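I opened this notebook to record what I looked up, entry by entry, with the sequence and the structure side by side.

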Amino acid sequence: MNNLIKKIPLYQFARDSVFNFPYWVFCLVGHIPSHIMRNFIYRYVFRMKLGKGVKIYKHLDCYEPSKIVIGDGSIIGNDAFLDGRAGIYIGSNVNFSGWVKVFTRQHDMDDKNFKVVGGPVYIEDRANISSCSIILPDLRIGKGAVVMAGAIVTKSVDDYNIVGGIPAKFVRMRSKELEYDWTKLRAIPFH
Ligand SMILES: CC(C)(COP(=O)(O)OP(=O)(O)OC[C@H]1O[C@@H](n2cnc3c(N)ncnc32)[C@H](O)[C@@H]1OP(=O)(O)O)[C@@H](O)C(=O)NCCC(=O)NCCS
């Protein structure tokens, strides 16, 4: 074990500190008790592409926010983690409940160099991602699809399918008659 721990050269430590400082600032922004201020900073400092009426609740954690697109009226619940490294594209009126994690990169466990693989995640209009679920890289959650609480999604989900469990499997169909539009919905204060 000791052989694995190498001393980090000072120049590398300094370089990593400079590169990672914005990430630390990003995490702090999630503690500002104002949606308007948080969205302003996410949009204009961190270059997230946010549509009209997007609500991002407290404590968002993110890699590469500039590669994240969130459509009109979508809601990102509290304590989400969005790994934007390979791109995350969220449609309109999508709902994330709390503690959802979306990953776009992972390691190839069989590669001798433990190479990084993955791909973008697409979450289509009016999909609902329930609390504490995890979405793995390189897949699409279809229009109006539902991920049940605590699920781990390892494969793409078809439109209006409800999936649950680990790994997430088809449970039933959702109604296709969905009309809600959250673009003008007010954010819950201090949340
Ligand atoms: C998506 C959800 C609303 C579906 O609930 P529902 O319509 O009552 O589910 P159903 O009654 O159709 O359940 C169908 C089956 O799935 C099972 N099931 C329900 N939730 C499940 C879950 N999270 N994981 C795995 N299976 C689940 C049910 O037990 C039922 O199994 P059975 O047919 O063997 O009895 C619910 O699963 C869920 O995830 N709720 C979200 C909770 C949450 O995040 N709240 C915060 C909101 S802001």
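Before the first entry I fixed the burial scale: a residue counts as buried if 20 or more other C-beta atoms lie within 10 Å of its own, as exposed if 12 or fewer do, and as partly exposed in between. I also kept in mind throughout that this is a predicted model.

**Entry: backbone outliers.** I looked for unusual backbone angles, knowing that most residues other than glycine have a negative phi, and most peptide bonds are trans. His59, which is not a glycine, has a positive phi of about 65 degrees, and I located it in the loop between β2 (55-56) and β3. Is His59 buried or exposed? I found 16 other C-beta atoms within 10 Å of His59, so it falls in the partly exposed class. Asp79 is likewise not a glycine and has a positive phi, of about 60 degrees; it sits in the loop between β5 (75-76) and β6 (81-83). With 17 other C-beta atoms within 10 Å, Asp79 is partly exposed. I then checked the peptide bonds and noted a cis one joining Ile166 and Pro167, with omega about -10 degrees; Pro167 belongs to the loop between β18 (161-164) and β19 (169-173).

**Entry: the helix α1.** I took α1 over residues 10-29, which makes 20 residues, and read a reach of 29 Å from its first C-alpha to its last, close to the 28 Å expected at 1.5 Å a residue. There is nevertheless a kink of about 35 degrees at Asn20, shortly before the proline Pro22. I counted one buried residue among the 20 of α1, so the helix lies largely in the open.

**Entry: two open sheets.** I recalled that strands of a sheet pair through backbone hydrogen bonds, either parallel or antiparallel. In one sheet I traced five strands in the order β3-β6-β9-β14-β17, an open arrangement with parallel pairing. Its edges are β3 (61-63) and β17 (152-153), each with a single partner strand, so one side of each is left without a neighbour in the sheet. I looked at β14 (residues 134-135) and found it joined to β17 by two bridges, in parallel, with Val153 of β17 as the bridge partner of Ile135.

I traced another open sheet of five strands, with parallel pairing, in the order β1-β4-β7-β12-β15. Here β1 and β15 (139-141) stand at the edges with a single partner strand each, so one side of each has no neighbour in the sheet. Three bridges pair β12 (residues 121-123) with β15 in the parallel sense, and Leu139 in β15 is the bridge partner of Val121.

**Entry: Val54.** I placed Val54 in the loop between β1 (49-50) and β2, and I entered it as buried because 25 C-beta neighbours lie inside 10 Å. Leaving aside residues up to four places away in sequence, Val54 touches Asn39, Ile70 and Ser74. I also checked Val54 against Val171, 117 residues apart along the chain, and found 29 Å between their C-alpha atoms.

**Entry: the ligand.** Which residues are around the ligand? I listed Ser97, Ser130, Ser131, Val146, Met148, Ala149, Gly150, Gly164, Gly165, Val171 and Arg172. Sorting this shell by character, I obtained four nonpolar residues, six polar and one charged.

Methods:
Residues numbered from 1 in each chain as written. Predicted model: local features only at pLDDT ≥ 70, side-chain atom pairs only at ≥ 80, totals over all residues. Near = placed C-beta within 6 Å. Nonpolar A, V, L, I, M, F, W, Y, C, P; charged D, E, K, R; others polar. Helix = DSSP H or I, 4+ residues; strand = E, 2+ residues; numbered from the N terminus. Expected span 1.5 Å × (residues − 1). Bend = angle between axes of the 7 residues up to and from the residue. Pairing = 2+ DSSP bridges. Contact = placed C-beta atoms within 7 Å.
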